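Welcome, and take a moment to look over the structure shown here. The report below starts with one residue and then widens the view.

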Amino acid sequence: MKRESLLYRVLASLMHLFSLLLTFILPILVYLGTKKRNKYLADHAKEGMNLHFTFFPILLILNFMNMGPVFTYGLLTLETILILIAAIYALKGKKFSYPVIRYIKA
């Protein structure tokens, strides 16, 4: 397996971290901008999209059903932990797969 440059590893890691604030928008933009130029960044962006496409509807449903903040905060905590793990894997140059529904194959 080819070792990715430090620049691409840092960019993939930052994409995961900033997706905490920008949800699925940032992974989509990164994927569209890099899908033909860098497979490493595109794969991490696909993983980010899969995570947010799984968690975002669940959060909307929980809020719509007025399930209370315990479930919402628990899910957000889980999402944050998964994103931090993915960012560390990206910095190490490794592939990370979120344990979520696969909408987009990476």
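Y98 is buried in this predicted model, with a relative accessibility of 1%. A value of that kind falls under the 20% cut-off, so the residue counts as buried. Its ring has a partner in F96: the two ring centres are 5.2 Å apart and the planes stand at 90°, so this pair is edge-to-face. F96 is buried as well, at a relative accessible area of 12%.

How many aromatic pairs does a search of the whole structure find? The answer is four. Another of them joins F24 and F56, again described as edge-to-face, with 5.4 Å from centre to centre and 75° between the planes. F24 sits in the loop between α1 (6-22) and α2 (25-34), while F56 belongs to helix α3 (residues 39-64), so this pair ties together parts that are 32 residues apart in sequence. Both rings are partly exposed: F24 has a relative accessible area of 23%, and F56 has one of 36%. F53 joins in here too, as F24, F53 and F56 form one aromatic cluster.

Here are the relative accessible areas of several residues in this report, side by side.

| Residue | Relative accessible area | Class |
|---|---|---|
| F24 | 23% | partly exposed |
| F56 | 36% | partly exposed |
| F96 | 12% | buried |
| Y98 | 1% | buried |
| H16 | 1% | buried |
| L91 | 41% | partly exposed |

Let us turn to H16, a residue of helix α1. Is H16 buried or exposed? With a relative accessible area of 1%, H16 is buried. Leaving out residues up to four places away in sequence, H16 touches H44, I83, A86, A87, A90 and Y98. Y98, the residue that opened this report, is therefore one of the contacts of H16, and Y98 is itself buried at 1% relative accessibility.

L91 offers another view, this time from helix α4 (residues 69-92). At 41% relative accessibility, L91 counts as partly exposed. Which residues is L91 in contact with, once its neighbours within four places in sequence are set aside? They are R9, V10 and S13. L91 can also be compared with M65: 26 residues separate the two in sequence, and their C-alpha atoms are 38 Å apart in space.

Now for the protein as a whole. Its secondary structure comes to four helices and zero strands, which gives the pattern α-α-α-α when read along the sequence. The radius of gyration is 14 Å, close to the 13 Å that the globule rule gives for 106 residues, so the protein is as compact as a globular protein of that length. Along the principal axes, the C-alpha trace spans about 45 × 20 × 20 Å.

What share of the 106 residues counts as buried? The figure is 39%. Among contacts with a separation of 6 or more, 67% come from residues that are 24 or more positions apart.

The outside of the protein can be described as well. About 6700 Å² is exposed, and carbon and sulfur atoms supply 72% of that area. As for charge, the protein has 13 positive and 4 negative side chains, and the centres of these two sets lie 6 Å apart.

Definitions and conventions: Residues are numbered from 1 along each chain as its sequence is written. This is a predicted model: local features need pLDDT of at least 70, side-chain atom pairs count only at pLDDT 80 or more; totals for chains, interfaces and linings use all residues. Side-chain values use heavy atoms; hydrogens and water are left out. Rings of Phe, Tyr and Trp (its six-membered ring) pair if their centres lie within 6.5 Å; planes under 30 degrees apart count as stacked, over 60 as edge-to-face and the rest as tilted. Helices (H or I, at least four residues) and strands (E, at least two) are DSSP runs, numbered from the N terminus. Buried means under 20% relative accessible area, exposed over 50%, partly exposed in between (1.4 Å probe, protein chains only). The radius of gyration is taken over C-alpha atoms; the globule rule is 2.2 Å times the number of residues to the power 0.38. Contact means heavy atoms within 4.5 Å. Accessible areas come from the Shrake-Rupley method with a 1.4 Å probe; for residues, only the protein chains shown count as cover. Lys and Arg count as positive and Asp and Glu as negative; His and the chain ends are not counted. The place of a charge is taken as NZ of Lys, CZ of Arg, CG of Asp or CD of Glu.
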